[in-house]
Amino acid sequence: MARIIIDTENTKGTISKHIYGHFSEHLGRCIYEGLYVGESDTIPHKNGMRKDVVNALKEMGIPNLRWPGGCFADEYHWKDGVGDKSKRKRMVNTHWGGMVEDNSFGTHEFLELCDQLECEPYINGNVGSGEVAEMQEWVEYMTFGGESPMALWREQNGRKEPWGLKYFGVGNENWGCGGNMRAEHYADLYRRYATYVRSYGGNKIYRIASGPGTDYGHDRLNQCWTRTMMEQARHMFDGISLHYYTFPGSWHQKGPALGFNETEYYTTLKKSYWLDEVIKHHAAVVRRFDGEGRIKIIFDEWGTWYDVEPGTNPGFLYQQNTMRDAMVAAISLHIFHNHCDIIHMANIAQLVNVLQAVILTDKEKMLLTPTYHVFRMFKTHQDAELLASISVDGKAGPDEWTVPQITHSASRAADGTVTLTAANLSVDKAAEIEVILAGGSYTLKKGEILCGAMDAHNTFDAPRAVAPVPFDGCKDGKLTLPPCSVVSLILG
Ligand code: AHR
């Protein structure tokens with residue numbers, strides 16, 4: 001029998017709610033159709049934002065949303081996306097499918113969406129093809145409360161009061177799609193651009209520097225980029241970004257989202273554990289230069305990336321989402337918890353219809369993916385205190401791709417309740433787990449379980465084929481988790 005031992009008196013730091021953050025790019029059907037349908041569509045909306053999607057995201061507990069990219073951020077010119085919609089400039093979205101972007105979703109619309117979602121906006125500025133003044137004016141436009149050219153223009157465009165904006169990213173992947181820069185060159189540019197990203201009045205901006213790209217295997221940990229940024233620009237940022245995507249195959253042949261075999265299942269899970277290595281390596285570099293712990297890691301892109309759904313536009317990155325993705329979500333969120341001393345934010349890519357999405361839409365239809373359910377079931381971890389815990393369990397998977405059979409995490413909320421989340425990663429073996437809570441006696445208040453075959457997923461015809469149900473596998477402190485399952489237990 002496996003064991004999970006939790007010390008309810010020993011806390012390890014606060015799990016920032018922003019670890020449960022999200023990312024929305026002008027890519028495929030994420031913004032258009034997925035979130036925004038415009039003011040005259042027949043799909044029920046409020047000021048153009050889909051009501052079904054907004055309600056589901058609020059229920060899931062979305063703490064922040066990053067926008068407008070991604071690679072798109074470094075070719076986005078915000079002034080094209082404000083003012084009279086009929087006069088907004090049309091551009092080509094060269095990164096993502098060469099589609100015409102009509103700029104009907106811009107700054108006002110994004111901040112309206114965040115208001116409706118009751119989440120913090122995180123805006124990513126353009127260093128790759130944008131000007132310093134353009135970035136300066138964007139921040140002024142959004143946050144300046146007095147009399148200024150940008151504040152006046154904002155008012156003319158229908159918004160008198162400034163918005164509150166905390167998170168601002170200065171470029172994205174500037175080693176790649178954001179300008180193909182050397183670390184030294186970006187470090188200098190970062191210092192220059194960040195100088196003009198000002199905190200006006202009481203609005204304190206949290207500045208985020210673009211970080212390295214990482215890949216499975218030590219060759220692409222890219223510590224050099226992080227080191228250069230820490231050496232040369234650390235006094236000017238609060239957070240440095242990291243990205244890591246999980247794909248079972250190679251970059252050029254990632255593997256299918258559906259119709260995969262057991263080896264591909266375990267390969268995917270094993271590679272998602274690599275996230276832990278990525279964080280450890282970069283955290284070590286960050287802390288070498290910042291012993292006080294002021295600078296945090298903003299893991300603003302993570303998730304699974306498969307070959308696109310056959311028959312869909314390859315530039316749209318649309319993929320299905322199965323119980324395998326639910327497992328990756330559980331593993332990844334638990335890893336972020338364990339590094340909550342340095343991870344302030346993590347954003348799964350991307351919110352709707354792109355990569356490891358929590359929601360898929362097909363015109364007026366919408367479904368919640370297994371990944372959505374994990375985020376919703378885990379939400380009581382947000383802003384809770386991580387509890388010291390260990391698990392003693394077996395292994396699952398073939399030799400080269402062996403993973404622990406169980407992943408788990410425990411936290412204590414402000415109201416004293418303890419959340420224990422766990423997943424049985426084995427595709428064919430149930431897990432019998434004894435849970436030992438040292439330091440208090442607790443009873444089960446609520447339990448939920450999500451389970452299914454490794455490739456179980458929801459479709460528009462069967463949108464609730466995979467959905468959580470009450471958990472009844474708990475008796476005398478012992479849990480029975482079926483193969484390929486995720487549970488959340490609230491103990492009080
Ligand atoms: O999420 C898709 C893309 O992946 C983003 O635009 C980019 O930042 C990353 O390479």
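**Group meeting: an open sheet and a ligand pocket**

Okay, let's start with a pair of strands: β22 and β23 run antiparallel to each other, with two bridges between them. One of the residues to look at there is E448, which faces P470 in β23. Before I go on, keep in mind that this is a predicted model.

Now stay on E448 and look at the other neighbour. Strand β22, residues 444–451, is also joined to strand β26, residues 485–491, by seven bridges, again antiparallel. Over in β26, E448 has S488 as its bridge partner. So, just as a quick reminder, strands of a sheet pair through backbone hydrogen bonds, either parallel or antiparallel.

Okay, zooming out. What is the order of the strands in the open sheet? Reading across, you get β23-β22-β26-β20-β19-β16-β1-β21-β25-β24, ten strands with mixed pairing. Why is one side of β23 and of β24 left without a neighbour in the sheet? Because β23 (469–470) and β24 (474–475) stand at the edges, and each has a single partner strand.

Let's walk along that order. In the middle part, β16, residues 385–392, pairs antiparallel with β19, residues 406–412, and two bridges hold that pairing. If you want a residue to click on, L386 is opposite S411 in β19.

Next, which sense do β1 and β21 pair in, parallel or antiparallel? That one is parallel: β1 covers residues 2–14, β21 covers residues 431–438, and there are six bridges. I5 sits across from I436 in β21. Then β21 has β25, residues 478–481, as a partner too, this time antiparallel and over four bridges. There you can find A431 opposite L481 in β25.

Right, on to the ligand, which I guess is what the docking people are waiting for. The ligand sits in the largest pocket. Around the ligand we have F23, E25, G70, C71, W96, N172, E173, Y245, E301, W305, Q350 and L355. By class, that shell splits into six nonpolar, three polar and three charged residues.

Which residues make polar contacts? Let me give you three. For C71, a backbone N or O atom is 2.8 Å from a ligand oxygen atom. For E173, a polar side-chain atom is 2.7 Å from an oxygen atom of the ligand. And Y245 also puts a polar side-chain atom 2.7 Å from a ligand oxygen atom. How much of the ligand does the protein bury? Taken alone, the ligand exposes 280 Å², and the protein buries 94% of that.

Last bit: some backbone oddities, handy if you're setting up a force field run. Most residues other than glycine have a negative phi, and most peptide bonds are trans. Here are the exceptions I'd point at. Q350, one of the residues around the ligand, follows a cis peptide bond from A349, with omega near -15 degrees. Q350 is in the loop between β13 (343–349) and β14 (359–362).

There's also a cis peptide bond from W67 to P68, with omega near 5 degrees. P68 belongs to the loop between β5 (64–67) and β6 (91–93).

And finally phi: N47 isn't a glycine, yet its phi is positive, about 50 degrees. You'll find N47 in the loop between β3 (45–46) and β4 (49–50).

That's it from me, thanks!

Notes. Residues numbered from 1 in each chain as written. Predicted model: local features only at pLDDT ≥ 70, side-chain atom pairs only at ≥ 80, totals over all residues. Heavy atoms only, no water. Pairing = 2+ DSSP bridges. Near = heavy atom within 4 Å. Polar contact = N/O pair within 3.5 Å; in protein donor to acceptor, adjacent residues only side chain to side chain. Areas by Shrake-Rupley, 256 points an atom, 1.4 Å probe, with all protein chains shown as cover. 1 Å grid on protein atoms, 1.4 Å probe; cavity = no way out; pocket = protein on both sides within 12 Å on 5 of 7 lines; lining within 4 Å. Sits in = over half its atoms within 2 Å of the grid points. Nonpolar A, V, L, I, M, F, W, Y, C, P; charged D, E, K, R; others polar.
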